[in-house]
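Morning, everyone. I have one model to walk through, ring by ring and strand by strand. Please bring it up on your screens.

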Amino acid sequence: MTVNTRPGRPDPSGTPGRPVMLGQNQYGKAENRVVRITRDGATHHIKDLNVSVALSGDMEEVHTSGSNANVLPTDTTKNTVYAFAKEYGIESAEQFGIHLARHFVTSQEPIHRTRIRIEEYTWERIATSGAHAGPGGGDGAGHSFVRKGQETRLTQITYDGESWEVVSGLKDLVVMNSTNSEFWGFVKDRYTTLKEAYDRILATQVSARWRFDWTGDEQEMPDWEESYEQTRRHMLQAFAETYSLSLQQTLYEMGSRIIDHRDEIDEVRFSLPNKHHFLVDLEPFGLENDTPDGAVYFAADRPYGLIEATVLRDGCEARIPTDLTNL
């Protein structure tokens with residue numbers, strides 16, 4: 001292969017016989033912010049994504065000699081994201097990622113594997129004074145709450161030209177049970193100061209990923225939008241309906257509810273920081289705090305207990321990384 005050099009520049013091919021070899025590598029364009037507005041008359045619909053593309057394949061020459069002969073510019077991957085958003089629309093984050101991954105692997109011979117990571121930001125409609133709001137979503141537990149507008153939807157699509165792996169999820173979903181939670185019977189040693197609790201606040205900021213059993217085009221593709229909404233619903237219902245003796249128990253019930261009700265999902269991984277709430281000592285002010293009409297708490301953000309686990313369908317193998325920061 002001819003090395004791209006300019007006159008007066010040394011040959012960058014390196015020293016023959018050098019005891020060095022190239023390991024895993026990838027490149028692409030990170031965090032392409034794309035907003036797709038679909039106009040249905042006076043009614044508009046918004047899809048707001050943050051798309052990151054990573055490509056790998058026959059890329060040894062660009063590292064060892066500087067030849068760009070096999071390199072699709074990262075600027076081209078950026079342009080593809082925006083062009084596909086217009087040409088194909090965005091049905092869902094998963095479907096959009098699948099379109100992109102298939103394109104890069106099948107259109108560029110040197111590219112053997114594509115990974116697409118997408119964050120989706122949800123926009124809720126603002127009801128005007130003359131609008132009639134829809135129902136509130138049915139009966140909910142009186143002690144369970146979810147902070148609106150904070151969650152970010154996630155998906156990662158990986159394609160190697162033959163098989164697919166789709167891992168979706170969410171982060172920053174803050175939930176709280178103001179009762180129906182206890183924590184007692186734990187190990188105590190000389191350093192233990194924590195008192196046993198028989199009625200406490202249980203709050204966490206959910207980070208979750210779930211892996212689909214869809215791995216090939218011969219299988220029926222899941223309804224990605226319906227799957228996300230229902231998975232989120234079962235997760236929240238399990239949180240609200242579990243009388244919790246530990247956050248670990250609640251985590252397991254959340255994952256089990258998803259596996260039990262969503263046949264397209266084989267694996268769920270949670271990372272749940274325990275957002276501690278401590279009763280404030282008001283005795284110095286002559287006030288009794290924890291009374292039947294309520295109490296005042298201090299919400300501590302650090303340090304926090306971090307509870308993490310994977311829940312699997314029986315017979316399935318765990319593939320989601322234990323460290324979700326790498327996904």
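Let's start at a side chain. Find Lys-188: its charged end sits over the ring of Phe-186, 4.6 Å from the ring centre. Keep in mind that this is a predicted model.

Stay on Phe-186. Which ring does Phe-186 pair with? The partner is Phe-183, and the two are stacked. Their centres are 4.9 Å apart, with 20° between the planes. That counts as stacked because the planes are under 30 degrees apart. Now, buried or exposed? Phe-186 has a relative accessibility of 16%, so it counts as buried. Phe-183 comes out at 28%, so it is partly exposed. The cut-off for buried is under 20%.

How many aromatic pairs does the model hold? The count is 8. Here is another one. Trp-214 and Trp-224 meet edge-to-face, 6.0 Å centre to centre, with 85° between the planes. This pair joins distant parts of the chain. Trp-214 is in the loop between strand E7, residues 202-212, and helix H4, residues 224-241. Trp-224 is in helix H4 itself, and 10 residues separate the two. Both tryptophans are buried. They also belong to a cluster. Ring pairs link them with Tyr-159, Trp-164 and Phe-212.

Next, a second charge over a ring. Go to Arg-153, in strand E5, residues 152-159. The charged end of Arg-153 sits over the ring of Tyr-228, 4.3 Å from the ring centre. Is this arginine buried or exposed? At 5% relative accessibility, Arg-153 counts as buried, because the limit is 20%. What does its side chain touch through a polar contact? The side chain of Glu-225, at 2.8 Å.

Look around Arg-153 a little further. Set aside its neighbours within four places in sequence, and the contacts include Ser-92, Glu-94, Ile-118, Gly-169 and Leu-170. Glu-119 and Glu-120 are in contact with Arg-153 too, and so is Trp-224 from the ring cluster.

On to the strands. E1 covers residues 32-40 and E2 covers residues 43-57. They pair in the antiparallel sense over 9 bridges. One landmark: Ile-37 has Ile-46 in E2 as its bridge partner. The hairpin of E1 and E2 has 2 residues between the strands. Gly-41 takes a positive phi there, near 65°.

E2 also pairs with E3, residues 111-121. That pairing is antiparallel as well, over 10 bridges. Asn-50 has Glu-119 in E3 as its bridge partner. We have met Glu-119 already, as a contact of Arg-153.

Zoom out. The chain has 5 helices and 11 strands. Of its 327 residues, 39% count as buried. Take the contacts with a separation of 6 or more: 69% of them join residues 24 or more positions apart.

Last, confidence. The average pLDDT is 90, and 90% of the residues score at least 70. Where does the pLDDT fall below 50? Over residues 131-140. Beyond near neighbours in sequence, that stretch makes 0 contacts in the model. Where pLDDT is low, the predicted coordinates should not be read in detail.

Terms used: Residues numbered from 1 in each chain as written. Predicted model: local features only at pLDDT ≥ 70, side-chain atom pairs only at ≥ 80, totals over all residues. Heavy atoms only, no water. pLDDT = per-residue confidence, 0-100. Contact = heavy atoms within 4.5 Å. Phe/Tyr/Trp six-rings, centres within 6.5 Å; stacked < 30°, edge-to-face > 60°. Buried < 20%, exposed > 50% of the residue type's maximum accessible area, 1.4 Å probe, protein only. Helix = DSSP H or I, 4+ residues; strand = E, 2+ residues; numbered from the N terminus. Lys NZ or Arg CZ within 6 Å of the ring centre and 35° of its normal. Pairing = 2+ DSSP bridges. Polar contact = N/O pair within 3.5 Å; in protein donor to acceptor, adjacent residues only side chain to side chain.
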